[in-house]
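Grab the structure and work through these exercises with it open. Each one sets a task and then walks through a solution.

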Amino acid sequence: MENTGKNIILKTENLTIGYTSKKKETRVASNINIQLQQGTLVGLVGANGIGKSTLLRTLTKVQNILEGHVYINDASLKDYASIDLAKVMSVVLTEPVASKNVSVFELVALGRQPYTNWVGNLSKEDIKVTNQAILQVNIETLKDKKCFELSDGQLQKVMIARALAQDTDLIILDEPTTHLDMYHKAYILKLLKQLTKDTGKTILFSSHEIDLAIQLCDTLIVMTNEGVVTDQPCNLIANGTFNTLFPKDLIAFDEKTGSFRVKK
């Protein structure tokens, strides 16, 4: 992958991901070597069950590394205490919000928890950062609404604002367009793209919207049965990487249009 001279926010070296139990170790993917540069939008794509969520859980320290290393800002992931990790990485998961009876402002302000004192009081700076995040995601009109009043698309924007308020170098989102219609899928991914430009943050997201990811991402991480490949979308198309994602008897990738089609 071309090195543009930007800072490397996240890096893996010969990473192996999977699960361990008392009886055996299950390896999902091995020899994963990726570098996420500052201020880029990175999509993680692959077929269902290939291991995208396992990779994200490993990168966010929810799941243990089987082998290899993960570095964030040149420091080993293993060495990060929880509070320190929360200051460099924010995570948006697919799980529903624990309580929707809070206002949009209150939910976004929860992103400031790594910086507030033990009683959780918001400083003037915390309030300023929270309002800035709300402005960046363009949800000012929703600021005083309760979260149970929001649509799925609106709530997803609020969750992105909360991640912005956390003020980390890296934001990781697991399937941010789940349950959204085509318009709002495109809207959310275009919003993420714009946020990388406006904030200089690195944003990594997993998605089934491969066609949209090809169009919008600076870099793609593609998981296949043969391994994990990362590069710019144009290079992945030229190398035929997307031809290996799905069984060829039903789905074909059109290199001219950069999209998938169903075989007739």
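Buried means under 20% relative accessible area, exposed means over 50%, and partly exposed is in between (1.4 Å probe, protein chains only). Keep in mind that this is a predicted model, where local features need pLDDT of at least 70 and side-chain atom pairs count only at pLDDT 80 or more, while totals for chains, interfaces and linings use all residues. Residues are numbered from 1 along each chain as its sequence is written, and side-chain values use heavy atoms, with hydrogens and water left out.

**Exercise 1. Work out how Phe 242 pairs with Phe 253 and Phe 260, and whether these rings are buried or exposed.**

Step 1: set the rule. Rings of Phe, Tyr and Trp (its six-membered ring) pair if their centres lie within 6.5 Å; planes under 30 degrees apart are stacked, over 60 edge-to-face, and the rest tilted. That rule gives 5 aromatic pairs.

Step 2: take Phe 242 with Phe 253. Their centres are 5.0 Å apart and the planes make an angle of 35°, so the pair is tilted. Phe 242 sits in the loop between α8 (233-238) and β12 (251-254), and Phe 253 is in strand β12, so this contact ties together parts that are 11 residues apart in sequence. The element names come from DSSP runs numbered from the N terminus: helices are H or I with at least four residues, strands are E with at least two.

Step 3: check the cover. Phe 242 has 1% relative accessibility, so call it buried. Phe 253 comes in at 12%, so that residue is buried too.

Step 4: move on to Phe 260. The ring centres of Phe 242 and Phe 260 are 6.4 Å apart with the planes at 90°, so this pair is edge-to-face. Here the link runs from the loop between α8 and β12 to strand β13, with the two residues 18 apart. Phe 260, at 19% relative accessibility, counts as buried.

Step 5: put the rings together. Phe 242, Phe 246, Phe 253 and Phe 260 make up one aromatic cluster.

**Exercise 2. Find which side chains Glu 13, Glu 25 and Lys 201 meet in salt bridges.**

Step 1: apply the cut-off. A salt bridge needs a side-chain nitrogen of Lys or Arg within 4 Å of a carboxyl oxygen of Asp or Glu. The count by that rule is 7 salt bridges.

Step 2: start with Glu 13. Its partner is Lys 11, at 3.7 Å from N to O. Glu 13 is partly exposed at 31%, and Lys 11 is partly exposed at 22%.

Step 3: go to Glu 25. This side chain meets Arg 27 at 2.9 Å, N to O. Glu 25 has a relative accessible area of 40%, which means partly exposed; Arg 27 is partly exposed as well, at 42%.

Step 4: finish with Lys 201. Its salt bridge is to Asp 167, at 3.1 Å from N to O. The bridge links distant parts of the chain: Lys 201 is in the loop between α6 (182-199) and β9 (202-206), and Asp 167 is in the loop between α5 (152-165) and β8 (170-174), 34 residues away. Lys 201 is buried at 10%, whereas Asp 167 is partly exposed at 43%.

Step 5: look for shared partners. Glu 25, Arg 27 and Glu 67 are joined into one network by salt bridges that share partners.

**Exercise 3. Inspect phi at Asn 14 and Glu 175, and place both residues.**

Step 1: recall the background. Most residues other than glycine have a negative phi.

Step 2: check Asn 14. Its phi is near 45°, a positive value in a non-glycine residue. Asn 14 belongs to strand β1 (residues 8-20) and is partly exposed, with a relative accessible area of 46%.

Step 3: check Glu 175. Phi is positive here too, near 50°. Glu 175 lies in the loop between β8 and α6, and its 13% relative accessibility makes it buried.

**Exercise 4. Locate Thr 60 and say how far it is from Thr 116.**

Step 1: place the residue. Thr 60 is in the loop between α1 (52-59) and β5 (67-72), and at 12% relative accessibility it counts as buried.

Step 2: compare sequence with space. Thr 60 and Thr 116 are 56 residues apart in sequence and 22 Å apart in space, C-alpha to C-alpha.
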